[in-house]
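Subject: Structure handover

Hello,

Here is the structure for you to take over. Please look through it alongside the notes below.

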Amino acid sequence: MRSETFSTPGPVTLDIRIPAGEVEIETDNAAETAVELEARGRDGDALEQDAEISMRERGDGYEVRIEAGRGRGGGFFRRNGDYRVRVAAPRGTTVRANLASADITGRGQFAGVDVKVASGDVEFEDVAGEADVDAASGDVRLERIGFAKVNSASGDVAIDESAGGAEVNTASGDVEI
């Protein structure tokens with residue numbers, strides 16, 4: 001398992017890109033972002049070493065990037081692997097995630113989320129701003145949000161509470177708001 005911890009005393013944006021597995025994010029009052037990445041299956045050690053876990057300062061805060069599946073040869077999702085990613089981040093973190101076949105769960109309070117997933121479930125507890133979710137196949141559950149924009153080809157969509165409304169489009173699946 002790979003572990004990295006970054007001092008992030010200002011606003012944080014997580015940029016997560018993995019081909020398969022699961023992503024768990026939890027926010028708290030800490031001023032740091034801790035990432036654990038575990039590759040499962042054949043060549044797990046090599047897949048972990050090929051993954052990028054980095055932080056860079058931006059004018060308005062910090063960006064923590066977690067990217068796996070590129071391999072040394074280049075293109076995204078070239079190397080097969082199943083990843084378990086766990087992140088502890090400051091309360092009010094923004095999440096951008098591009099996932100192929102992975103579930104993503106967010107516990108705690110987030111500023112906003114932008115999730116694109118081909119196959120996997122999406123679940124976030126508390127999003128103060130906009131939750132923008134594009135899911136080809138998988139269920140979407142948002143507990144408390146500022147505003148939701150959800151597109152789903154196949155999967156159920158459940159929104160418990162929205163302060164500013166919701167736009168939901170689904171080709172096949174139940175919608176509960």
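Is Phe124 buried or exposed? Phe124 is buried, at a relative accessible area of 0%. Please bear in mind that this is a predicted model. The rest of the notes go from confidence to the core, then to the strands and a few single residues.

Confidence

The mean pLDDT of the chain is 92, and 94% of the residues reach at least 70. Residues 72-79 are a stretch where the pLDDT is below 50; the model nevertheless gives this stretch 27 contacts beyond near neighbours in sequence. Where pLDDT is low, the predicted coordinates should not be read in detail.

Core

The largest nonpolar core contains 42 residues. Ile25, Val95, Leu99, Ile104, Phe124 and Leu142 are the ones with the most contacts inside it. Two or more residues each come from β2 (12-28), β3 (32-40), β5 (61-67), β6 (82-90), β7 (93-119), β8 (122-137), β9 (140-154) and β10 (157-162). β7 supplies the largest share of this core, with nine residues.

Which residues does Val95 touch, not counting those up to four places away in sequence? They are Leu14, Ile25, Ile104, Phe110, Gly112, Val113, Asp114 and Phe124.

Two residues on that list, Phe110 and Phe124, also form an aromatic pair, and the structure holds one such pair. The geometry is edge-to-face, with 5.2 Å from centre to centre and 85 degrees between the planes. Phe110 lies in strand β7 and Phe124 in strand β8, so the pair ties together parts that are 14 residues apart in sequence. Phe110 counts as buried at 1% relative accessibility, and Phe124, as said above, is buried at 0%.

Strand pairing

β7 and β8 are paired in the parallel sense, over eleven bridges. Within this pairing, Lys116 stands opposite Asp134 in β8. β8 also pairs with β9, again in the parallel sense, over twelve bridges. Val122 has Val140 in β9 as its bridge partner.

How do strands β4 and β5 run, parallel or antiparallel? They run antiparallel, and seven bridges join β4 (residues 52-58) to β5. The hairpin that joins β4 to β5 passes through two residues. Arg56 has Glu63 in β5 as its bridge partner.

Residues in β5 and β2

Gly61 is located in strand β5. Its relative accessible area is 7%, so Gly61 is buried, the limit being under 20%. Leaving aside neighbours within four places in sequence, Gly61 is in contact with Pro11 and Arg56. Gly61 and Ala153 are 92 residues apart along the chain, and their C-alpha atoms are separated by 34 Å.

Glu67 is also in strand β5, and Glu67 is buried with a relative accessible area of 4%. The Glu67 side chain makes a polar contact with the side chain of Arg65, at 2.6 Å.

Asp15 sits in strand β2. Asp15 counts as buried, with 4% relative accessibility. A polar contact at 3.3 Å links the side chain of Asp15 to the side chain of Arg17. Which residues does Asp15 contact once neighbours within four places in sequence are left aside? Asp15 is in contact with Glu63, Val64, Arg65, Ile66 and Arg96. Arg65 is thus named twice here, as a contact of Asp15 and as the polar partner of Glu67.

A partly exposed residue in β7

Ser101 lies in strand β7. Why does Ser101 count as partly exposed? Its relative accessible area is 38%, and partly exposed covers the range between under 20% and over 50%. Outside the neighbours within four places in sequence, Ser101 is in contact with Pro19, Ala20, Gly21 and Ser119. For one of these, Gly21, the C-alpha atom is 6.6 Å from that of Ser101, with the two positions 80 residues apart in sequence terms.

Regards

Definitions and conventions: Residues are numbered from 1 along each chain as its sequence is written. Side-chain values use heavy atoms; hydrogens and water are left out. A nonpolar core is a set of buried Ala, Val, Leu, Ile, Met, Phe, Trp, Tyr and Cys residues joined through side-chain atoms within 4.5 Å. Buried means under 20% relative accessible area, exposed over 50%, partly exposed in between (1.4 Å probe, protein chains only). Helices (H or I, at least four residues) and strands (E, at least two) are DSSP runs, numbered from the N terminus. Contact means heavy atoms within 4.5 Å. A polar contact is a pair of N or O atoms within 3.5 Å; within protein, one must be able to donate a hydrogen and the other to accept it, and residues adjacent in sequence count only if both atoms are side-chain atoms. Rings of Phe, Tyr and Trp (its six-membered ring) pair if their centres lie within 6.5 Å; planes under 30 degrees apart count as stacked, over 60 as edge-to-face and the rest as tilted. Two strands pair if DSSP finds at least two bridges between them. pLDDT is the predictor's confidence in each residue, from 0 to 100.
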